[in-house]
Amino acid sequence: MLLGIICFLLCLAFSLNHDKNKSIQQLIQQGLNKGEFIPYYQPIINSKTQQLVGCEVLVRWKRCNGEIFPPYLFIKNVENCHLIYPMTKSILQQVLADFTQVKVDDNFCASINVTPQQLENPQFMAECINIIESQKTHSPNIALEVTERIKFTDIDKAKSVMTHLSDYGIKLKLDDAGTGFGGFSYLQTLPLDTIKIDKMFIDTIGTNDMKRDILKAIINFGHETNLEMIAEGVETQQQVDYLAKKNVHIIQGYLYAQPMPFCKFKQYIKQFSHN
């Protein structure tokens with residue numbers, strides 16, 4: 001990870017030296033204009049049925065020289081310069097275009113990450129609905145994932161916008177559950193369908209880490225409130241077996257597959273078409 005950050009900063013430094021008038025914001029804007037921000041897809045599997053039930057869409061910055069950078073190297077800059085709005089719309093448009101090439105199950109769901117501030121913006125969400133509507137005959141079910149690591153600033157406005165999205169048929173997921181500001185209060189206040197159990201807690205399975213009690217609490221809460229639960233960052237069969245005993249079967253992680261470009265994801269989908 002450190003090497004990746006150093007390489008990214010060196011690339012930015014080179015770009016800035018190449019044109020001293022360009023800021024990081026301008027480089028990101030230039031990347032958006034050139035279509036350099038692209039979706040990668042990480043499969044989500046039902047471990048009980050061994051069926052592909054969905055995917056999480058993760059943005060990558062594919063530079064003109066072929067280098068590919070993961071979001072932790074640039075997403076904060078994107079958010080700080082308010083370019084997260086056009087980026088999200090671009091990724092959504094690319095996802096919908098990609099899925100015109102394949103047939104997926106009616107229950108398949110593609111999840112796209114958004115910020116709390118985007119979910120407080122009714123105009124932006126209306127624009128997203130219009131994008132989905134334009135491809136409705138071909139599009140998969142769409143979910144929006146919002147992280148708990150960033151705080152909502154207007155919970156009432158978010159609730160209103162999210163209720164409208166839910167009524168439209170867009171699923172709403174709480175990412176990084178148990179790691180951030182909202183805690184269980186978001187789950188009690190906002191119309192969320194799903195909680196995603198963070199890798200931090202999945203990693204405690206089979207250990208004496210005290211955070212394993214938080215994992216148990218999250219799972220118990222999910223069952224009591226009838227929320228769908230997705231376990232993220234699953235890397236071992238031991239983790240899958242433990243989660244299965246807790247009746248958590250929806251799994252995302254390297255045990256099944258890493259994030260991949262659509263050309264590879266399209267081939268990945270085919271192995272489930274005969275089931």
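## Strand β1 and its two faces

Let's start with a strand whose side chains go two ways: Phe37, Pro39, Tyr41, Pro43 and Ile45 point to one side of β1, while Ile38, Tyr40, Gln42, Ile44 and Asn46 point to the other, and all of them are buried. Keep in mind as you look around that this is a predicted model.

The pattern fits a general rule: in a regular strand the side chains alternate between the two faces of the sheet. Strand β1 covers residues 37–46 and is mostly covered itself, with 10 of its 10 residues buried. Buried here means that a residue has under 20% relative accessible area.

## Partners of β1

On the sequence, β1 is followed by a turn and then its hairpin partner. Strand β2, residues 51–62, runs antiparallel to β1, and 10 bridges join the two. Four residues lie between β1 and β2 in this hairpin, and one of the turn residues, Gln50, has a positive phi of about 60 degrees. If you would like a pair to find in the structure, take Asn46, whose bridge partner in β2 is Gln51.

β1 also pairs with strand β9, residues 250–251, through two bridges in the antiparallel sense. Here Ile45 of β1 stands opposite Ile251 in β9.

## The largest pocket

Rolling a probe the size of a water molecule over the atoms shows where empty space is left. In this model, the largest pocket has a volume of about 1,500 Å³. Its lining has 40 residues, and those nearest the centre are Glu56, Leu58, Pro71, Asn113 and Asp175. Two or more lining residues come from each of β1, β2, α3 (75–80), α4 (84–98), β4 (109–114), β5 (141–147), β6 (171–177) and α9 (199–202).

Which element gives the largest share of the lining of the largest pocket? That is β2, with five residues. Sorted by class, the lining of this pocket has 18 nonpolar, 10 polar and 12 charged residues.

## The second largest pocket

The second largest pocket has a volume of about 400 Å³. It is lined by 20 residues, with Leu52, Val53, Gly54, Asp105 and Phe108 closest to its centre. The elements that give two or more residues to this lining are β2, β6 and β8 (228–231).

Once again you will meet β2, which supplies the largest share of the lining of the second largest pocket, four residues. By class, this lining has 10 nonpolar, five polar and five charged residues.

Notes
Residues numbered from 1 in each chain as written. Predicted model: local features only at pLDDT ≥ 70, side-chain atom pairs only at ≥ 80, totals over all residues. Heavy atoms only, no water. Buried < 20%, exposed > 50% of the residue type's maximum accessible area, 1.4 Å probe, protein only. Pairing = 2+ DSSP bridges. 1 Å grid on protein atoms, 1.4 Å probe; cavity = no way out; pocket = protein on both sides within 12 Å on 5 of 7 lines; lining within 4 Å. Points joined across faces, edges and corners; volume = space filled by probe spheres on them. Nonpolar A, V, L, I, M, F, W, Y, C, P; charged D, E, K, R; others polar.
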